[in-house]
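Here is a short report on a protein fold. It goes from the overall layout to helix packing, then to single residues.

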Amino acid sequence: DTARGVFNFLVHHIPWYGPLYVDFQALERDLGRLHDALSIVERGLKENSRYGPLWFEAFKLCENLDMQEKNLNLPRTIFTND
């Protein structure tokens, strides 16, 4: 809870710093909170869409969520614009 509070404080005050979001999502991911981790990555991408490591984290999280939910056609991972 303390670490989450610190990360929220930092994200609020320096939202443009991409590595912060990577570390914050890693905390949530390691706690098994994949949806929360993906939400953090999405927030980071809204602030800094050019930070490449966030895109890789988003891809890995989507893949993990698809596999966890046994969506073997990977609907989150493979985005199609139909």
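Helices here are DSSP runs of H or I with at least four residues, and they are numbered from the N terminus. With that in hand, the chain reads α-α-α-α along the sequence. The model is a predicted one.

## Overall layout

The protein has four helices and zero strands. It holds 82 residues, and 33% of them count as buried. Take the contacts between residues at least 6 apart in sequence: 40% of these join residues at least 24 apart.

## Helix 2 and its partners

Two packed helices are described by the angle between their axes and the distance between the axes. The table gives both values for two pairs.

| Pair | Axes come within | Crossing angle |
|---|---|---|
| Helix 2 and helix 3 (residues 34–47) | 7 Å | roughly 170 degrees |
| Helix 2 and helix 4 (residues 52–68) | 9 Å | roughly 20 degrees |

How do helix 2 and helix 4 run, roughly parallel or roughly antiparallel? Angles under 35 degrees count as roughly parallel. The axes cross at roughly 20 degrees, so helix 2 is roughly parallel to helix 4. The crossing of helix 2 past helix 4 is left-handed. On the helix 2 side, the contact uses G18, Y21, V22, Q25 and R29. On the helix 4 side, P53, L54, E57 and L61 take part. By type, the residues of this contact are five nonpolar, two polar and two charged.

Helix 3 is another partner of helix 2. An angle over 145 degrees counts as roughly antiparallel. The axes of helix 2 and helix 3 cross at roughly 170 degrees, and the two helices are therefore roughly antiparallel to each other. Helix 2 brings Y21, F24, Q25, E28 and R29 to this contact. Helix 3 brings L34, D36, A37, I40, V41, R43, G44 and E47. The residues of this contact divide into six nonpolar, two polar and five charged.

## Q25

Q25 sits in helix 2, which spans residues 18–30. Is Q25 buried or exposed? Its relative accessibility is 0%, so Q25 counts as buried. Q25 appears in the contact with helix 4 and also in the contact with helix 3. Leaving aside neighbours within four places in sequence, Q25 is in contact with A37, I40, V41, E57 and L61. A polar atom of the Q25 side chain lies 3.1 Å from the backbone oxygen of V22.

## L20

L20 is also a helix 2 residue. The relative accessible area of L20 is 7%, so L20 is buried. Which residues does L20 contact, leaving aside neighbours within four places in sequence? They are F7, L10, V11 and I14. L20 and G44 are 24 residues apart in sequence, and their C-alpha atoms are 8.5 Å apart in space. G44 is one of the helix 3 residues that meet helix 2.

## K46

K46 belongs to helix 3. Its relative accessibility is 74%, so K46 counts as exposed. How far apart in space are K46 and P15, C-alpha to C-alpha? The distance is 9.6 Å, with their positions 31 residues apart in sequence as the separation.

Note on methods:
Residues numbered from 1 in each chain as written. Predicted model: local features only at pLDDT ≥ 70, side-chain atom pairs only at ≥ 80, totals over all residues. Heavy atoms only, no water. Buried < 20%, exposed > 50% of the residue type's maximum accessible area, 1.4 Å probe, protein only. Polar contact = N/O pair within 3.5 Å; in protein donor to acceptor, adjacent residues only side chain to side chain. Contact = heavy atoms within 4.5 Å. Axes fitted to C-alpha atoms, helices over the stretch in contact; angles between N-to-C directions. Parallel < 35°, antiparallel > 145°, perpendicular 65-115°, else oblique. Left-handed = near helix turned anticlockwise from the far one by under 90°. Nonpolar A, V, L, I, M, F, W, Y, C, P; charged D, E, K, R; others polar.
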